[in-house]
Structures are given as C-alpha cells and as structure tokens.
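Subject: Structure for your review

Dear colleague,

Please find below the structure that I am handing over to you. My notes on what was found in it follow directly after.

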Amino acid sequence: MDFTEEQIERYSRHIILPEVGGKGQARLLQSKVFVLGAGGLGSPALMYLAAAGVGTIGVADGDHVDLSNLQRQIIHNNNRIGVHKAVSARKTIEELNPDVNVVTYEERLTADNIREVIRDYDVVLDGSDNFPTRFLMNDAAFFEKKPLVSGSMFRFEGQLSVFKGHEDYPCYRCLYPEPPPKGLVPSCQEAGVLGALAGVIGVLQAVETIKEILGIGEGLAGNLLIFDSLKMSFRKVKVRKDPECALCGEKATIKELVAYEDAVCDLRTATK
Amino acid sequence: MIRVLFFGMLATKTGTREAELELKKQGATVSDVLDEVRRRFDGFPDGPLLFAVNEEQADLSSPVKDGDEVAIMPPFSGG
C-alpha cells in the first residue's frame, strides 16, 4: 500500500524500526482488532491501538460513561458523562487518528451474536468486567479461531495472557474450566481497583495485540503474566493446554456457546 | 519448607501474600499443600483455582518437594 505524506510522518517512529518497517505499518493499517469493553483495560488499549494505526477497531460496550469510571477509563472525560461508552471511545479515537475506522457495538453481546461480530476481526481483546462475558468471549474466539488477548484485574494485581485454543496453546478454560460461583470473586466495583493498574495491563494488551498482528517477538500464548503493583513484580507462569479441556481438548464436550447469564445478578456486556 | 503464594482475593482472605509450610509426608502433592492451607486458613475459598509449582502450571496430583514454590491463583474478573 502507498502511504500519504502525513502517514509517513505520523508513523515514522514505527517505520524506522526494522521489526516494523513500512511493511509492518501497512499490515497494521490493514488489520482489524475487536475490543470488548471500553473501560479500564479497553481505554488505554484502544488509544494505543488507534495511535499505532490499526486500520479497523471494533469497540463493544453496553454501558454509559459514569463519573466513577474516570478514575481509570481515560478514553472518556468529564464532558462525556452519560454518553454511550462505545460512542465516547469512537470520538476520542477519531480525534487521535483519522486513519482508524471505528465500528461501535452498543448492544449487549450475547451467545447469539458474538461469533458473527468477531468473525471479521484478526485479533480480539478482552477487557470485560465479569466472568460470564469472559467465558463467552473465550469460547467465541476459540470457535472463530481468533487469538484472544486477555487482561483482567483485582485491586492492585493484574493477569494477562494470549489464548489460542484453536492452536497448540491453552484457552482460558484450560486454566479455569468454569466460572466461579456467584459472589466468590468480587468485581472492581465491589473490591476497588488501582486506576493506573488498568493502564499497565491495558497497554500490555495493546503491545501483545500489535506483536500478534506483526508476527514479531515471542507472544504470551502458553504463559500467564501476573503483575503485582504493590510489589512491582511481574511473574510469568507457564500454562499448558489441557488435553481434557471441555472446549479445546481432545474430547471436547462444548460444541456451542454457553450462556452463563443466569449465574450473575448484574450482567453487563462490558466494563463499568 | 514449601513457600506458598496467594494471589488476588486469596491474599485478601488469608491476610497474607505468602506462607511457609512444612510437609512431613513423603511424595507430597499440590493437593496436600492445599489441605494444609485449608487447615491453616479458615474459609479458604473453593472456587476454580490455578496452581503453579516453580512457575509452571500444576494440578492437584503434581509432586511438591522441599524448597518448591507453590502459587495459587484465582481468576480475576475486573476490566
């Protein structure tokens, strides 16, 4: 593809990197990334993906911007309170980089529509805030054979991995076969979360997504990265594909998407 | 001694991020570590837990020996 003068200048710091170059930048501009949740993790991830020139970004969120979001959800601002999060995210991205085509999904993603929604994308990124959605996203990514860049948080700690159950790598269910019973793991709303932690984990999700698109370096697939902001420590745990995984194992029993909606009292598509 | 690490709400529930255990038994496994943890910390949650011995994913039947580090990690949901 031919770059415009403006694009050559905008992406010059990428193009100068031998690992990216003009070819890699062109690949980014042609790539499509789906981001579930324009919340704590989605905000920084979306902004860096947009700045990097990912050509098409899908943003799904069923919520509206709330004042309590602004402590960490930096893609939104005071003037956007009450605005649909996907719409607010699109505004910020459009101001950041007009090269990006933003597709918003303001409806709730369910077992009925999520596979179709992610089908067109190259990489999917999970920044959702509840287990039913995390399992739905994992299963949908597996069935659609998409790499899933997954991030999650609890208070001062974060987890990050890339799941590729359709290849010789684990999926989320290889680590956690089923969602925990309701009430066992508190949400951010119940437990609190350090705002800047969302920046660390969300930006790492963007980094892994960009590496995945460019095919450079060593991806996190097969590893779970755990960040503890209080200790300022990163641990990388080797995780493996479970041959008995109900989704991606040899004798898989999950053949279609499972809706766990009834397991939670407060299901939202994405982050609050 | 076996060093046990608690993450997320496990650290909240136990009130500590790590503990040291002595397992007298020969041929001890992650399951024995978990039993000992449950004995020591009341109300240790059941939920789905991920185990790692020396930073490699393990299951309940994985062997654990003196000097090993066992991490117990719950899933996080926050985004």
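I begin with helix α10 of chain A, which covers residues 195–214. At 1.5 Å a residue, its 20 residues should span 28 Å, and the end C-alpha atoms lie 29 Å apart, so the two values agree. Directly after α10(A) comes Gly215(A), which has a positive phi near 65°. Please bear in mind that this is a predicted model; its scores are ipTM 0.95 and pTM 0.94.

Chain A as a whole

Chain A contains 10 helices and 8 strands. Its C-alpha atoms occupy a box of roughly 55 × 45 × 40 Å along the principal axes. For 272 residues, a compact globule would have a radius of gyration near 19 Å, and the 18 Å of chain A agrees with this. Of the 272 residues in chain A, 50% are buried. Among the contacts in chain A with a separation of 6 or more, 72% are between residues 24 or more positions apart.

Helix α5 and strands β1 and β2 of chain A

A second helix of chain A, α5, runs over residues 85–96. It has 12 residues and reaches 16 Å from its first C-alpha to its last, close to the 16 Å expected at 1.5 Å a residue. Which residues of α5(A) are buried? They are Lys85(A), Ala86(A), Ser88(A), Ala89(A), Arg90(A) and Ile93(A); the list thus includes Lys85(A) and Arg90(A) as well as Ala86(A), Ala89(A) and Ile93(A). The buried residues of α5(A) pack against three elements of chain A, namely α4 (42–51), β2 (56–60) and β3 (101–105).

Strand β2(A) deserves a separate note. In β2(A), 4 of the 5 residues are buried, so this strand is largely enclosed by the rest of the structure. Strand β1 of chain A, residues 32–36, is joined to β2(A) by 5 bridges, and the two strands run parallel. Within this pairing, Leu36(A) stands opposite Ala60(A) of β2(A). β2(A) therefore has β1(A) as a parallel partner, while the buried residues of α5(A) also pack against β2(A), a strand that is largely enclosed because 4 of its 5 residues are buried.

Chain B

The secondary structure of chain B consists of 2 helices and 5 strands, in the order β-α-β-α-β-β-β from the N terminus. Its radius of gyration is 12 Å, close to the 12 Å that the globule rule gives for 79 residues, so chain B is as compact as a globular protein of that length. The C-alpha trace of chain B spans about 40 × 25 × 20 Å along its principal axes. Buried residues account for 35% of its 79 residues, and residues 24 or more positions apart provide 56% of the contacts in chain B with a separation of 6 or more. The average pLDDT of chain B is 95, with 100% of the residues scoring at least 70.

The contact between the chains

How many residues does each chain give to the contact? Chain A contributes 35 residues and chain B contributes 19 residues. On the side of chain A that touches chain B, the elements giving two or more residues are α7 (131–143), β5 (148–154), β6 (157–163) and β8 (233–238). The largest share, 4 residues, comes from β8(A). By type, the residues on this side of chain A divide into 17 nonpolar, 10 polar and 8 charged.

With kind regards

Technical notes: Residues are numbered from 1 along each chain as its sequence is written. Chains are lettered from A and ligands numbered from 1 in the order in which they are written. This is a predicted model: local features need pLDDT of at least 70, side-chain atom pairs count only at pLDDT 80 or more; totals for chains, interfaces and linings use all residues. Two residues are in contact if their C-beta atoms, placed from the backbone, lie within 7 Å. Ala, Val, Leu, Ile, Met, Phe, Trp, Tyr, Cys and Pro count as nonpolar, Asp, Glu, Lys and Arg as charged, and the others, Gly among them, as polar. The radius of gyration is taken over C-alpha atoms; the globule rule is 2.2 Å times the number of residues to the power 0.38. A residue is buried if 20 or more other C-beta atoms lie within 10 Å of its own, exposed if 12 or fewer, and partly exposed in between; C-beta atoms are placed from the backbone. The expected span of a helix is 1.5 Å times one less than its number of residues. pLDDT is the predictor's confidence in each residue, from 0 to 100. Two strands pair if DSSP finds at least two bridges between them.
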